[in-house]
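Dear colleague,

I am passing the structure below on to you, and after it I set out what was found, beginning with one pair of helices and ending with the overall form.

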Amino acid sequence: MEIQHGERNLKTRRQRLYEIRKSFLRNWQLYLFLLPALTYFLIFHYIPMYGVQIAFKDYFANLGIIGSPWVWFEHFERFFDSYYFWRLLKNTIILNAYNLLLFPLPIIFALSLNELRNGPFKKWTQTLTYAPHFISVVVVVGMLVAFLDPLTGLVNHAITSLGFESIPFLTSPEWFRHVFVWSGQWESLGWNTIIYLAALAGVNPELHEAARVDGASRLQTVLHINIPSIMPTVIILFILNMGNFMQIGFEKVLLMQNTLNSETSDIIQTFVYETGILEGRYSFAAAIGLFESVINIILLITVNQIARKVSENSLW
Amino acid sequence: MSRFRLSDKAFERINIAFVSLLTLIIIYPLIFVISASISDPHAVNTGKMWLWPVDITFDGFKRVFQNEAIWVGYKNTIIYTLIGTSIHLFLLLPCAYALSRKELMAKKVFLWIVLFTMLFNGGLIPTYLVVQKLGMVNTMWAIVIPGVLGAWSLLVARSFFQQTIPDQLVEASKIDGASDLYLFFKVVIPLSLPIIAVMALFHAVALWNQYFNALIYLTDEDLFPLQLILRQILIINEVSADSAASAAGAAQSFADQVKTASLVKYAVIIVSALPLLIVYPFLQRFFVKGVLIGSVKE
């Protein structure tokens with residue numbers, strides 16, 4: 001029995017090999033098509049993943065990644081024991097949580113836009129509110145620097161004309177988070193409505209008609225039909241946002257950061273940049289970066305799991 | 001019934017007021033920048049100018065046009081954007097097409113290779129070391145190659161191909177003896193111009209606006225893209241590169257320098273954003289389309 005079974009396996013395996021060869025010969029150009037992109041992913045994504053082992057080593061350029069000696073968790077321990085660890089973690093979490101707190105704003109704006117009659121007004125509001133999305137982060141921070149200047153900025157002119165003291169927004173730790181998060185809303189509020197508007201366009205009009213016949217007001221149809229209808233989209237986007245938790249807007253933080261506001265603007269990623277790129281402590285910085293990636297993955301998986309349990313909407 | 005009518009009317013009014021208010025808040029900074037770029041800097045800095053231009057002057061733009069660093073940056077950015085976008089399409093389109101074909105064996109494996117990069121990456125330092133090892137530091141390639149392709153774009157283009165290129169069409173052409181190469185150039189690309197436009201636009205905008213790769217990989221000022229020059233002018237407040245100003249520098253009072261700086265500031269924002277501001281209204285629907293194709297879940 002066993003031998004027979006093995007023979008059958010052998011036969012089918014040989015047959016399969018033949019089929020694979022035939023299919024490959026017929027479609028070899030498709031594999032050629034894959035080659036450039038896969039090479040790119042290999043070099044710029046998978047080799048760095050392999051290189052992440054320097055987080056557990058003392059990397060010396062002349063010894064290379066393989067030749068450098070293992071130190072295992074030394075860099076991690078040093079990072080966790082350092083006085084700035086808790087500050088970095090706290091700043092990173094607060095900044096991102098604050099940002100996440102404003103997650104409902106584009107939903108509200110989309111619900112509101114959706115209630116407008118189709119026409120030039122709706123079109124113009126969309127065109128105008130999407131525009132800041134295309135402004136570069138350097139220009140956005142440049143505008144903040146200009147607008148919030150304590151002496152010449154327009155915001156402080158308004159504040160002093162009302163009889164208050166001018167506020168050094170960009171050089172005070174207590175203002176950094178507000179400026180960062182709300183200017184981020186200015187950039188993305190309009191743009192982030194796009195997906196919700198598409199979801200709202202897919203709401204069955206018969207639901208609305210039935211509700212109107214039953215005497216529901218406009219507000220009631222929004223609350224009881226539109227909001228539940230877009231909930232699946234909301235949940236998926238929330239999970240995706242959680243997956244980027246701790247990674248939001250690092251390039252902007254770096255531009256807004258200065259020695260005077262670093263008490264709140266020092267986040268894990270800016271610290272990786274400082275120690276790694278500026279100071280050349282590659283292994284230490286790689287370890288901190290890895291710590292952050294791992295937290296991210298755990299968060300993404302956790303949120304996805306919770307979403308699957310409570311709502312049947314999940315990424316996988 | 002009439003009670004509901006009334007509340008609906010109120011709802012409508014409140015809603016329009018809310019949308020109008022938000023829109024005004026969002027566009028006000030943009031209007032201010034435009035007005036400030038052609039206003040007398042003194043009026044801007046003292047708060048006299050707050051909406052429409054005051055004492056119109058085009059000196060800011062003149063200074064920008066005289067500034068060599070800005071033009072070098074502008075030229076570099078255009079080159080990086082064109083080359084980077086071309087490479088992006090060259091990597092993206094064939095790969096997305098292959099991944100959309102059902103004859104491709106081990107498709108799951110290839111897809112996972114791509115998808116996994118969304119979940120985990122080596123991080124800043126290991127990537128930096130690879131770029132360094134390849135000798136790309138202080139060359140154009142450090143700007144255009146790292147980040148040239150993302151899993152997201154691949155998935156978007158792939159689902160577009162799956163939806164628009166019918167299997168029967170491919171099979172029929174293959175029976176007629178067409179190769180994949182022929183099919184790709186003669187059938188797939190002509191049918192996919194919208195998605196190609198969308199992907200090219202997204203990547204071009206990202207390249208035009210990015211500064212971080214340039215910040216970490218470039219030290220040679222002749223290679224700086226526009227965004228790094230903007231960073232110097234707008235954020236670090238270095239306007240010394242201005243040749244006209246430095247020639248007269250000794251004679252210039254401090255107040256004059258401040259004046260120049262704020263003149264240039266707003267004008268340079270306009271000049272740098274000009275290409276995008278001009279094309280944006282016409283291309284808006286393409287961008288929206290891109291977001292929507294990307295959000296389709298399989």
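Where the two chains meet, helix 15 of chain A, residues 268-278, packs with helix 6 of chain B, residues 124-133, at an angle of about 30 degrees, and their axes are 10 Å apart. Because angles under 35 degrees count as roughly parallel, helix 15 of chain A is described as roughly parallel to helix 6 of chain B. The crossing of these two helices is right-handed. Please keep in mind throughout that this is a predicted model.

On the side of helix 15 of chain A, the residues that take part are A:Val272, A:Tyr273, A:Gly276 and A:Ile277, and they meet B:Leu124, B:Ile125 and B:Tyr128 in helix 6 of chain B. Sorted by class, this contact between the two helices has six nonpolar residues and one polar residue, with no charged residues.

That pair belongs to the chains' wider contact, to which chain A brings 71 residues and chain B brings 75 residues. Within the side of chain A that touches chain B, helix 1 of chain A, residues 2-51, gives the most, with 19 residues. The residues on this side of chain A divide into 49 nonpolar, 19 polar and three charged.

A second helix pair lies within chain B, where helix 4, residues 68-100, packs with helix 8, residues 151-164, at an angle of about 55 degrees and with the axes 8 Å apart. Helix 4 and helix 8 of chain B are therefore oblique to each other, and helix 4 of chain B passes helix 8 of chain B in a right-handed crossing. The residues of helix 4 of chain B that meet helix 8 of chain B include B:Leu92, B:Leu93, B:Tyr97 and B:Ser100, while those of helix 8 of chain B include B:Ser153, B:Arg158 and B:Phe161. By class, the contact of these two helices has nine nonpolar, three polar and one charged residues.

As for chain A as a whole, it has 16 helices and zero strands. Its radius of gyration is 27 Å, which is well over the 20 Å that the globule rule gives for 316 residues, so chain A is more spread out than a compact globule. Taken along the principal axes, the box filled by the C-alpha atoms of chain A is roughly 90 × 65 × 40 Å. Of the 316 residues in chain A, 34% are buried. Among the contacts in chain A with a separation of 6 or more, 65% join residues that are 24 or more positions apart.

With kind regards

Terms used: Residues are numbered from 1 along each chain as its sequence is written. Chains are lettered from A and ligands numbered from 1 in the order in which they are written. This is a predicted model: local features need pLDDT of at least 70, side-chain atom pairs count only at pLDDT 80 or more; totals for chains, interfaces and linings use all residues. Helices (H or I, at least four residues) and strands (E, at least two) are DSSP runs, numbered from the N terminus. The radius of gyration is taken over C-alpha atoms; the globule rule is 2.2 Å times the number of residues to the power 0.38. A residue is buried if 20 or more other C-beta atoms lie within 10 Å of its own, exposed if 12 or fewer, and partly exposed in between; C-beta atoms are placed from the backbone. Two residues are in contact if their C-beta atoms, placed from the backbone, lie within 7 Å. Ala, Val, Leu, Ile, Met, Phe, Trp, Tyr, Cys and Pro count as nonpolar, Asp, Glu, Lys and Arg as charged, and the others, Gly among them, as polar. Axes are lines fitted to C-alpha atoms, for helices over the stretch in contact, and angles run from 0 to 180 degrees between N-to-C directions. Angles under 35 degrees count as roughly parallel, over 145 as roughly antiparallel, 65 to 115 as roughly perpendicular and the rest as oblique. A crossing is left-handed if the near helix is turned anticlockwise from the far one by less than a right angle, and right-handed if clockwise.
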